[in-house]
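This explanation leads the reader through a protein model, step by step. Please keep the sequence and the three-dimensional view at hand while reading.

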Amino acid sequence: MGIKRGLKYDFSLLAILLIPIGIAINFVGAQIVLLLKLPIYLNTIGTILTAMIGGPWVGMVTGASTNLVVGITNPVSFAFTPVQMAVGLVVGLLAMKGMYTKLWKVILSSFAVVLAVLIVASPIQVLMFGGATGNSSDAVVATFLASGQKIWTAVFSTKILVESFDKVISNIIAFVIVMKMSPRYLSKLNYGAIFIKKK
């Protein structure tokens, strides 16, 4: 059974219903990090999940919508909307290629996501916020700056360190959730068949 690709097929009713679920998962992950003051984010688990089974477009919309919702109380999130969209796009494309069917592939794919985030997020963090966004990871940036690194190097170093840890965890959590989904449910999604075969 081939995968139907494109906007028309990606935004089926079931895929559209996934978007608010993905937003809620992102929000809960971010709140846990905020409460525990962790130097990671966990705010893309829902984006990754929807991109895996709903496709790249659905993942991008989930990511963008998350930041627009969170931005109401935390305006900094508005600026990082392209980052969430990049995560949705990269995960969706990799999932279509079968890169989310085994744990080792998921871990490998996580680093492709990290690269995308590094490219998109670092300039936003440096040029718009001077390296500090009010997140717990700012302490890591400050540590690198204190060691004598320049702002760009400090932000890149922090992103590589923090995002690698964050995205591996987020990708694994999303992967485990998808693998626990019933084949009956997955079969109703355009991209679900990829995961049914691997159960």
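The paragraphs below treat the helices, the loops, the pocket and the cavity in turn. The model is predicted.

A pair of packed helices serves as the starting point. Helix α7 covers residues 103-129 and helix α9 covers residues 151-180. The two helices pack at an angle of about 145°, and their axes lie 7 Å apart. The crossing of α7 and α9 is right-handed. In the contact of α7 with α9 there are 20 nonpolar residues, together with 5 polar and 3 charged ones.

The loop that leads into α7 from α6, which spans 81-96, contains T101. Is T101 buried or exposed? T101 counts as buried because its relative accessible area is 7%, and the cut-off for a buried residue is under 20%. The side chain of T101 reaches the backbone oxygen of G98, at 2.9 Å. T101 may also be compared in position with I196, a residue 95 places away along the chain. The C-alpha atoms of T101 and I196 are separated by 9.4 Å.

The next helix to consider is α3, residues 45-54, which is mostly covered. How many of its residues are buried? The number is 10 of 10. Among the buried residues of α3 are I45, T47, L49 and M52, and G46 and G54 belong to the buried set as well. Just after α3 comes G55, which takes a positive phi of about 100°.

The loop before α3, which joins α2 to α3, holds two further residues with a positive phi. K37 is found in this loop, and L42 has its place there too. The phi of K37 is near 55°, a positive value in a residue other than glycine. For L42, phi is likewise near 55°, again in a residue other than glycine. Which of the words buried and exposed applies to each of these residues? K37 has 64% relative accessibility and therefore counts as exposed, since the cut-off for exposed is over 50%. L42 has a relative accessible area of 12% and is therefore buried.

Helix α4 offers a buried polar side chain to examine. N67 has its place in helix α4, and N67 is buried because its relative accessible area is 6%. A polar atom of the side chain of N67 lies 3.2 Å from the backbone oxygen of F80.

The spaces in the model come next, beginning with the largest pocket. About 670 Å³ of space lies in this pocket. The pocket is lined by 30 residues, and those closest to its centre are Y41, N43, N74, S77 and N135. Which helices supply at least two residues each of the lining? They are α2 (13-36), α4 (56-70), α5 (76-79), α6, α7 and α9. Helix α2 gives the most, with 5 residues. By class, the lining of the largest pocket holds 13 nonpolar, 14 polar and 3 charged residues.

The model also contains an enclosed space. A search of the whole structure finds 1 cavity of 30 Å³ or more. The space in the largest cavity is about 30 Å³. The residues that line this cavity are Y9, D10, S12, A15, I53, G54, L189, N190 and Y191. Helices α1 (7-10) and α3 each supply at least two residues of the lining. The cavity lining comprises 5 nonpolar, 3 polar and 1 charged residues. Two of the lining residues, I53 and G54, are also among the buried residues of α3.

Another residue of the cavity lining, Y191, deserves a closer look. Y191 lies in the loop between α10 (183-186) and α11 (193-196). Because its relative accessibility is 2%, Y191 counts as buried. The side chain of Y191 makes a polar contact with the side chain of D10, at 2.5 Å, and D10 also lines the largest cavity. By contrast with this contact, the C-alpha atoms of Y191 and L145 are separated by 44 Å, and these two residues are 46 places apart along the chain.

Note on methods. Residues are numbered from 1 along each chain as its sequence is written. This is a predicted model: local features need pLDDT of at least 70, side-chain atom pairs count only at pLDDT 80 or more; totals for chains, interfaces and linings use all residues. Side-chain values use heavy atoms; hydrogens and water are left out. Axes are lines fitted to C-alpha atoms, for helices over the stretch in contact, and angles run from 0 to 180 degrees between N-to-C directions. Helices (H or I, at least four residues) and strands (E, at least two) are DSSP runs, numbered from the N terminus. A crossing is left-handed if the near helix is turned anticlockwise from the far one by less than a right angle, and right-handed if clockwise. Ala, Val, Leu, Ile, Met, Phe, Trp, Tyr, Cys and Pro count as nonpolar, Asp, Glu, Lys and Arg as charged, and the others, Gly among them, as polar. Buried means under 20% relative accessible area, exposed over 50%, partly exposed in between (1.4 Å probe, protein chains only). A polar contact is a pair of N or O atoms within 3.5 Å; within protein, one must be able to donate a hydrogen and the other to accept it, and residues adjacent in sequence count only if both atoms are side-chain atoms. On a 1 Å grid over the protein atoms alone, a cavity is a set of points where a 1.4 Å probe fits but cannot get out, and a pocket is an open set with protein on both sides within 12 Å along at least five of seven lines; lining residues have an atom within 4 Å of a point. Grid points are joined across faces, edges and corners, and a volume is the space filled by probe spheres set on the points.
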